[in-house]
Amino acid sequence: MGEKIKKLKKIRIHREGTNELTLSLIAFCIIAFVLWFFVDNKIPFWAFVVIFGPAWLMALNFYRCPIRYFNGDTEKLVVAPADGKIVVIEETEETEYFHDKRLMISIFMSPLNVHANWFPVDGKIKFVHHQNGNYHKAWLPKASEENEHADIMIETPDGQDVLVRQIAGAMARRIVTYAKPNEECYIDEHLGFIKLGSRVDVYLPLGSKPVVTMGQPTTGDQTVIAKLK
């Protein structure tokens, strides 16, 4: 029991969901109150509770935000920027910024995953760029380039450039990015948040060594996904 309480204390509600959860809970309570005390037939009350009660709990689960700290030396390491599973590990031609080949590692986040994003490396933010686009299913290859996305370029302490791309999925309609150009960034810090199902791509220099496999689950800010050259 003590260990369970300790784990619960390490989970908080993400600031992106505080207002929505609070307002929806107030509305839920008001409607439930009216249905219970002012409607003689109790069927509408119970139907409302059965339908919207679990929906609110699902939203609460979606906005959970575990407090995490990476344990160990972060030099040359790339940690998972998100919870989810690995859907891409491949060399690809990156034509927008690098104009050369990069190692691409992608993590798909389902609606059940934590949707906070963390910085995958220590370094300095060179730029942040938001691109409007489509809303293809996030696991499709074309989603990386055609979907709405936010790009964050990070220069590591040894001068290597790492590109992180937050991608909106078929259900996601809002990407939040906290990264600011010219600021220092560190593993353990939040990079941003993506609402509902989505994906995060990481582009690494060739010579970086992936240490994850296709389909492997990842824990944001905990799972090492690659080692820089």
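Analyst: One cut-off comes first: a residue is buried when its relative accessible area is under 20%. The model discussed here is predicted.

User: What makes strand E5 count as largely enclosed?

Analyst: Eight of the 10 residues of E5 are buried, so the rest of the structure largely encloses this strand. The strand covers residues 100-109. Its pairing partners include E4, over nine bridges in the antiparallel sense. Another partner is E13, which runs antiparallel to E5 over seven bridges.

User: How do you know that E5 and E13 pair?

Analyst: Pairing requires at least two bridges, and E5 and E13 have seven, therefore they pair. One place to look is Leu103, which stands opposite Leu204 in E13.

User: Which residues of E4 stand opposite residues of E5?

Analyst: Two examples will do. Val88 stands opposite Ser106 in E5. Glu94 stands opposite Asp100 in E5.

User: Why do E4 and E15 count as paired?

Analyst: The threshold is at least two bridges; E4 and E15 have two, so they qualify. E4 spans residues 84-94, E15 spans 217-218, and the sense is antiparallel. Gly84 stands opposite Thr218 in E15.

User: What makes E11 and E15 edge strands?

Analyst: Start with the sheet. It is open, has eight strands and follows the order E11-E7-E8-E9-E13-E5-E4-E15, with antiparallel pairing. E11 (184-185) and E15 each pair on one side only, and that makes them the edges. Inside the order, E9 and E13 run antiparallel and are joined by six bridges. There, Val164 stands opposite Val202 in E13.

User: Why is there talk of a nonpolar core, and which residues have the most contacts inside it?

Analyst: The name applies because the members are buried nonpolar residues joined through side-chain atoms within 4.5 Å. The largest such core has 29 residues. Those with the most contacts inside it are Val78, Ile105, Phe119, Ile154, Val162, Leu204 and Ile225. Six strands give two or more residues to this core: E5, E8 (149-155), E9 (161-168), E12 (190-194), E13 (198-204) and E16 (224-227). E5 gives the most, with four residues. Apart from this core lies another, of 11 residues, among them Ala116, Trp118, Val176 and Tyr178.

User: What does Ile225 touch?

Analyst: Leaving out residues up to four places away in sequence, Ile225 touches a list that includes Val78, Val79, Ile105, Val202, Pro210 and Val212. Val78 and Ile105 also rank among the residues with the most contacts inside the core.

User: How do you know that the side chains of Asp161 and Lys126 make a polar contact?

Analyst: The limit is 3.5 Å, and the pair lies at 3.2 Å, so it counts. Asp161 is found in strand E9. Beyond its neighbours within four places in sequence, Asp161 is in contact with Phe98, Arg102, Met153 and Tyr203, among others. Asp161 and Lys124 are 37 residues apart along the chain, with C-alpha atoms separated by 9.6 Å.

User: Why is Lys76 called partly exposed?

Analyst: Its relative accessibility is 34%, between the limits of 20% and 50%, so Lys76 is partly exposed. Lys76 sits in the loop between strand E2 (64-66) and strand E3 (77-79).

User: Why is His99 called exposed?

Analyst: Its value is 54%, and exposed means over 50%, so His99 qualifies. His99 is found in the loop between E4 and E5. These two strands form a hairpin with five residues between them.

User: What makes the backbone of Lys76 and of His99 worth a look?

Analyst: Most residues other than glycine have a negative phi. Lys76 is not a glycine, yet has a positive phi of about 70°. His99 is not a glycine either, and its phi is positive at about 60°.

User: How do you know that the span of helix H3 is close to the expected one?

Analyst: H3 covers residues 43-62, 20 residues in total. From its first C-alpha to its last it reaches 29 Å, against 28 Å expected at 1.5 Å a residue. The two values are close. The buried residues of H3 are Phe45, Phe48, Gly53, Trp56 and Phe62.

How values were computed. Residues numbered from 1 in each chain as written. Predicted model: local features only at pLDDT ≥ 70, side-chain atom pairs only at ≥ 80, totals over all residues. Heavy atoms only, no water. Buried < 20%, exposed > 50% of the residue type's maximum accessible area, 1.4 Å probe, protein only. Contact = heavy atoms within 4.5 Å. Expected span 1.5 Å × (residues − 1). Polar contact = N/O pair within 3.5 Å; in protein donor to acceptor, adjacent residues only side chain to side chain.
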